[in-house]
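Please walk through this model from the meaning of its terms to its overall fold, and then to one part of its surface.

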Amino acid sequence: LGGYFDPLNFMRKTNFRIAGGEEVETWQDEDRFRQFRTAELKHGRVAMLAALGLLVQPYVRFPDLKDAQNDWSALDSGAGGAFGVLFLCAGWMELIFWKQDP
């Protein structure tokens with residue numbers, strides 16, 4: 001069963017019966033558990049930043065983007081390039097700083 005907490009049995013591979021009718025459970029290894037945990041941490045970080053962005057967006061503006069719209073039409077204006085820069089910066093942060101060492 002390993003040394004990890006899995007109350008919803010996400011790590012259970014299969015449930016099968018052997019010849020005597022006894023039911024046997026097999027479990028995934030600890031490396032797979034670490035992958036799931038890393039994915040959960042990353043998704044949680046993205047969700048927290050998205051919630052923060054929703055709260056801060058109406059009040060904080062970048063100096064060069066004061067005239068940009070607050071909807072999707074901003075991507076068609078000059079602010080579209082700024083969106084690309086923010087997207088690249090977020091990807092860079094994800095790949096460089098937000099890692100979990102096994």
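A residue is called buried under 20% relative accessible area, exposed over 50%, and partly exposed in between, with a 1.4 Å probe and protein chains only. By that scale L49 is partly exposed, because its relative accessible area is 45%, and of the 102 residues of the protein 10% count as buried.

The model is predicted, with local features needing pLDDT of at least 70 and side-chain atom pairs counting only at pLDDT 80 or more, while totals for chains, interfaces and linings use all residues. Residues are numbered from 1 along each chain as its sequence is written, and side-chain values use heavy atoms, with hydrogens and water left out.

Along the sequence the protein follows the pattern β-β-α-α, where helices (H or I, at least four residues) and strands (E, at least two) are DSSP runs numbered from the N terminus. The mean pLDDT (the predictor's confidence in each residue, from 0 to 100) is 77 for the protein, and 78% of the residues score at least 70. Confidence is lowest in strand β1 (residues 12-17), at a mean of 68, and highest in α1, at 87. Where pLDDT is low, the predicted coordinates should not be read in detail.

L49 lies in helix α1, which covers residues 30-56. Together with L52, L55, V56, Y59 and V60, L49 forms a nonpolar surface patch of about 650 Å² of accessible area; such patches take residues with over 30% relative accessible area and no salt bridge (a side-chain nitrogen of Lys or Arg within 4 Å of a carboxyl oxygen of Asp or Glu), and join nonpolar side chains (Val, Leu, Ile, Met, Phe, Trp, Tyr) within 5 Å and like charges within 9 Å. Accessible areas come from the Shrake-Rupley method with a 1.4 Å probe, and for residues only the protein chains shown count as cover.
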